[in-house]
Amino acid sequence: MNKDFWLEQIKKRKFFERAYVYAISYQIKDDNYCNFIEIAFYRQNKEKLFNEIEVFFQNPTLYEPETAFSFYLPKSDMFFRRMIYTPFKDLVIKFIFVSVLAELLDFTFVNNCFSYRLDRNFDKKQKSKGYLYKPYYEGFKDFIAWQSAQVENSTCMLKTDISSFYDSISHEYLLSAISQKLNITNESHFMILFSRTLKFTTCYYSIVDGKLCQTYNSQG
């Protein structure tokens with residue numbers, strides 16, 4: 001496999017088409033905030049979006065993610081869950097990367113991981129589908145079945161939770177793990193582009209003074 005293989009993968013039109021459908025479906029069905037004006041604009045300017053992304057893929061140094069914004073949803077009576085809204089163009093680019101990586105690497109993952117696995121059970125005749133992963137409930141049912149099967153061989157179950165796990169993921173560790181898995185360097189165009197999807201500015205309203213603030217996403 002040559003060093004440009006992965007870069008050529010993300011340039012393929014089929015991955016853009018999938019990512020475009022996934023992004024619209026995700027924002028309408030699953031995201032906690034949906035900008036219908038933005039979606040309507042990109043539905044009318046799909047080719048323009050493809051051409052802009054193509055330019056970024058040709059020259060990674062030109063790509064700078066747009067400013068995202070964060071908001072907080074109640075997780076319990078005492079805690080809030082931090083959410084980030086990703087602008088549509090950047091979301092499509094993220095889904096292109098996820099589509100390529102999931103299709104080629106998902107089969108290497110352990111079987112007893114049930115969190116957002118690639119959905120391979122779909123009609124081959126369909127030109128596209130509205131989701132990339134198995135529906136959450138389907139994965140949860142698989143998890144319940146796996147747990148039940150473990151009862152026969154286990155005497156106890158340990159339940160754990162890592163606080164703010166996704167917000168705490170190290171970019172350096174993530175990039176290192178993926179570059180090793182793909183057998184390419186962090187200086188390759190593919191990895192440079194991927195790293196740029198992780199680092200972006202986020203704006204938010206401070207609950208302390210009510211002012212609009214900005215922060216640079218350096219992890220998570």
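Pro74 makes contact with Phe79 and Phe80, once its neighbours within four places in sequence are set aside. In this predicted model, Pro74 belongs to strand β1, which covers residues 68-74. The contacts do not hide Pro74 from the outside: its relative accessibility is 63%, and since anything over 50% counts as exposed, Pro74 falls into that group.

Another exposed residue is Asn183, with a relative accessible area of 70%. Asn183 turns up in the loop between α7 and α8. Its backbone is worth a look too: phi of Asn183 is near 60°, a positive value in a residue that is not glycine.

Stepping back to the whole fold, the protein chain holds 8 helices and 4 strands. Read from the N terminus, the order is α-α-α-α-β-β-α-α-α-α-β-β, so four helices are followed by two strands, and that pattern then comes round again. With a radius of gyration of 19 Å, close to the 17 Å that the globule rule gives for 220 residues, the protein chain is as compact as a globular protein of that length. Along the principal axes, the C-alpha atoms fill a box of roughly 55 × 55 × 35 Å.

Now for the inside. Of the 220 residues in the protein chain, 33% are buried. The largest nonpolar core is made up of 38 residues, and the ones with the most contacts inside it are Ile10, Phe57, Phe88, Val92, Ile96 and Phe190. Several helices feed this core with at least two residues each, namely α1 (5-11), α2 (13-30), α3 (36-44), α4 (46-58), α5 (88-105), α7 (171-182) and α8 (189-198). Helix α5 gives the largest share, 10 residues.

Ile96 shows how these pieces meet. Not counting residues up to four places away in sequence, Ile96 touches Ile10, Phe15, Phe16, Ala19, Ile53 and Phe57. Two of the residues in that list, Ile10 and Phe57, are themselves among those with the most contacts inside the core. Across the protein chain, contacts between residues at least 6 apart in sequence are often long-range ones: 61% of them join residues at least 24 apart.

As for the outside, the accessible surface of the protein chain comes to about 14900 Å², and carbon and sulfur atoms account for 55% of that area. The protein chain carries 28 positive and 25 negative side chains, with the centres of the two sets lying 4 Å apart.

Methods. Residues numbered from 1 in each chain as written. Predicted model: local features only at pLDDT ≥ 70, side-chain atom pairs only at ≥ 80, totals over all residues. Heavy atoms only, no water. Rg over C-alpha atoms; globule rule 2.2 N^0.38 Å. Buried < 20%, exposed > 50% of the residue type's maximum accessible area, 1.4 Å probe, protein only. Contact = heavy atoms within 4.5 Å. Areas by Shrake-Rupley, 256 points an atom, 1.4 Å probe, with all protein chains shown as cover. Lys, Arg positive; Asp, Glu negative; His and termini not counted. Charge placed at Lys NZ, Arg CZ, Asp CG, Glu CD. Core = buried A, V, L, I, M, F, W, Y, C linked by side-chain atoms within 4.5 Å.
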